[in-house]
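Biologist: I'm new to this one and would like a close look at a single part: the place where the chains touch. Please start there and then follow the neighbouring pieces outward.

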Amino acid sequence: MTGGITSPDAGWRQADRGPSTQHSTKKRRKRGGGRGRGEVAMVDDVEFTSYYGRQIVKTPVWKSPDVPLYLFLGGAAGSSSILAAIADLTDRPKLTRVGRYTAGVGSMLSVVALVHDLGRPERFLHMLRVFKLTSPLSVGTYILSPFSAAAGATAAVELLGWFPRLKRFGGVVSAIFGGPLATYTGVLLANTAVPSWHAAYKQLPYVFGGSAMAAGGGISMIFVPVDEAGPARKMAVAGAAIELAVVHKVEHDHGILSEPFHEGRPGKLMQAAKTATAAGAGLTVLAGRTRIGAIASGTLLAAGSLLTRFGVFEAGIASTKDPKYVVVPQRERLEAGTNEHASTVTR
Amino acid sequence: MTSVSSASPGLRGLRDVKNRLFGPLPDVAQEAGYEPDHPKRVGFFTDTSVCIGCKACEVACKEWNTLPMDDSHGQRDALGLSGMSYDNTGQLGANSWRHVAFIEQSRAVDLPMPTFGRPGDDRHDHGPSPANAGDPISLANAQQSVLNAEALSEFDPQTGQTGADKQIRWLMSSDVCKHCTHAGCLDVCPTGALFRSEFGTVVVQGDICNGCGYCVAACPYGVIDQRKDDGRVFKCTMCYDRLTDGLQPACATACPTTSIQFGDLDELQARADARLATLKAQGVETARLYGRDENDGVGGDGAFFLLLDEPEVYGLPPDPIVTTRDLPAMWKAAGKAAVMMIGVAATAVLGSRRR
């Protein structure tokens, strides 16, 4: 037998790195969420190889704050439109009006954020050339377009006081698209090769749906007189609870891919989001029936939702920048043999 | 097997084709809606065991496609050295559609010195003849005479001895867009700017792309990228313009060692299988094909590789999966979450006393 490349993986290491040349993830403790009740998840020492430590998948070119802001605005607008439509049908005029304004303004701003994020904003209408179920952005365009048309028109006639029946119809149309608008953004992020987003694909729609209800309910609590804001309080607290529960799963269920949600700037954002959301929900229950309490808790809930969007967005961005988040999980699933498909390597 | 349908070809295709999101597809172009008389699917077979790292492919690509200059981090019009190897291209991106990776590896020698025989003594015993591949005679001759085990293990400049206890080898590999059977970029493009050509390749239409950037995030290989000052995305077209005129892609034309081979995909696959068998029979145990298997996570690559080490050594993902495999489950979750929102809102309103 000869040497050289004729022996399988015969001890070759990248030359300029000395005898132990492969990167390894350091053993680290991940702090559990909440009040330091030591849930400790360990990430084992993993050796992995990379090409000079360079990232494998590209970092999304989506801009911050455009996209996280779009996620937040779309969510708040969507949940507000649902709340407004049901409030309208049960004759709660003040709650209805605030919900419609929130939905209208939110939808308009989210269109602006989405268009501004494009590399060629003047070509926004190219989105409407085709309809593709395989592209969440295409589906989202066909959710956002009717939603913003209906919600914007409803808010406008609400302001002007015209066409009461048309107003109710517009409100119902926007409510139909409101839920999908808030939750499809979870699919938008998850349907990518970004490791930490894709791993959480079953949870992100619920995170964003819950977060949307916390934000929409919170905003309504700020502007609606407390005696009519009962539904907003209930929706906000339920949304916050769902958001916190599902975020906990995102942060702990995905092994090494949960790591970016704990570390660095995204980790701080997620921590701040959880704190704000939990405080907002708690304050709503305790003091939501007072004007000041409603304003404070509503603001906290909306801020928590906004921070969640930024945290999730930036955690995904961080997961693209280190090759370990691509190599290690893929190696693990290859070794576990849990794939339903063949290895891409033919030996 | 022929099911008669009165529906349009497109609809018939929709009904008949399996594995629309995941798994092997026998005919990608037909699945994309082309008539059955479309050209055969073409591809690249990049045999890195004969790559000499000359970067002729990079230059030819830049010249033919008039790609702008950038540094190893994709910064436009910047001249910079990566400082890590001869590789100053660094990555595939909007301005680099071929990228030659350089990996310098060393290892301690704990094996006995190679035994020498006359080169070519055992030439006739090796491997199945790749004669069934296209252009059989010249190709088989080339593989059997020059690229045999001796060349690779003893006289190959890629493996040299430095000092008594250390060996050095250089791996070089020309990376390119994989033109996947299930291309994530193509699936998620919301404008239809990315399309499947009649040759089975994946191409961006520059006059349609609005720079949404979804494809950049969706590519499991990190190939496609946005040109910042332009706003649109760019990637390898497999020289679509040349293909329509019956020419080979610029990189394959320029490659001096036939490391980059262009041709009909099925023919290239047969050629690659034969090459792998040849190398294995000659004792090159580290040889492996990457992206050849049509049952892998992307349904097989239109541009696949013969590698001499693990994929991640070259900066390739070891188990890429097209993200849209999981899309049905994602839509289901989003639908349920939307229903949940309506349920929560309705409960909140109906559970509150009026005024």
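Modeller: Let's settle one term before we go in: two strands pair if DSSP finds at least two bridges between them. Also keep in mind that what you see is a predicted model.

Now the contact itself. Chain A puts 93 residues into it, and chain B puts in 92. On the chain A side, the elements that each supply at least two residues are strands E1 (13-14) and E6 (345-346), along with helices H1 (66-89), H3 (136-160), H4 (164-190), H6 (204-223), H7 (230-252) and H10 (324-336). H4(A) gives the most, with eight residues. Sort the chain A side by class and you get 43 nonpolar, 33 polar and 17 charged residues. If you were expecting an area, the size of an interface is often given as the accessible area lost when the parts come together; here we have residue counts to work with instead, 93 from chain A and 92 from chain B.

So where do strands pair across the chains? Look at E1(A), which is joined by two bridges to E2(B), a strand covering residues 98-108; the two run antiparallel. You can pick out the partners by eye. Arg13(A) has Ser106(B) as its bridge partner in E2(B), and Gln14(A) stands opposite Gln105(B) in that strand.

E2(B) has a second pairing, this time inside chain B. Eleven bridges tie E2(B) to E4(B), residues 166-176, and this pair is antiparallel as well. One of the matches there is His99(B) with Asp175(B) in E4(B). E2(B) is largely enclosed by the rest of the structure, because nine of its eleven residues are buried.

Go past the end of E4(B) and you come to His179(B), in the loop between E4 and helix H6 (184-188) of chain B. His179(B) has a positive phi of about 45 degrees, although it is not a glycine. That's worth a pause, because most residues other than glycine have a negative phi. As for its surroundings, His179(B) has 31 other C-beta atoms within 10 Å, so it counts as buried.

Step back before E2(B) and there is another positive phi. Asp77(B), in the loop between helix H3 (56-65) and E2 of chain B, has a phi near 55 degrees. Its setting contrasts with that of His179(B), which is buried: Asp77(B) counts as exposed because it has 10 C-beta neighbours inside 10 Å, and 12 or fewer is the cut-off for exposed.

Back on chain A, try two of the helices that feed the contact. H1(A) has 24 residues, which at 1.5 Å a residue should span 34 Å; its end C-alpha atoms are 34 Å apart, so the two agree. Since 22 of those 24 residues are buried, H1(A) is largely enclosed by the rest of the structure. H6(A) can be checked in a similar way: its 20 residues should span 28 Å, and the 29 Å between its end C-alpha atoms agrees with that. With 18 of the 20 buried, H6(A) is largely enclosed too.

The two ends of H1(A) deserve a glance. Ahead of the helix, Pro65(A) is found in the loop between strand E5 (46-48) and H1 of chain A. A cis peptide bond joins Ser64(A) to Pro65(A), with omega at about 10 degrees. Just after H1(A), Asp91(A) takes a positive phi of about 60 degrees.

As for chain B as a whole, it has eleven helices and eleven strands, and buried residues make up 53% of its 355 residues. Among its contacts with a separation of 6 or more, 65% link residues 24 or more positions apart.

One caution before you zoom in anywhere else. Chain A averages a pLDDT of 89, with 88% of the residues scoring at least 70. Over residues 1-8 of chain A, though, the pLDDT is below 50, and that stretch has 31 contacts in the model beyond near neighbours in sequence. Residues 26-42 of chain A also stay under 50, with 17 contacts beyond four places in sequence. Where pLDDT is low, the predicted coordinates should not be read in detail.

Notes:
Residues numbered from 1 in each chain as written. Chains lettered and ligands numbered in written order. Predicted model: local features only at pLDDT ≥ 70, side-chain atom pairs only at ≥ 80, totals over all residues. Contact = placed C-beta atoms within 7 Å. Helix = DSSP H or I, 4+ residues; strand = E, 2+ residues; numbered from the N terminus. Nonpolar A, V, L, I, M, F, W, Y, C, P; charged D, E, K, R; others polar. Expected span 1.5 Å × (residues − 1). pLDDT = per-residue confidence, 0-100.
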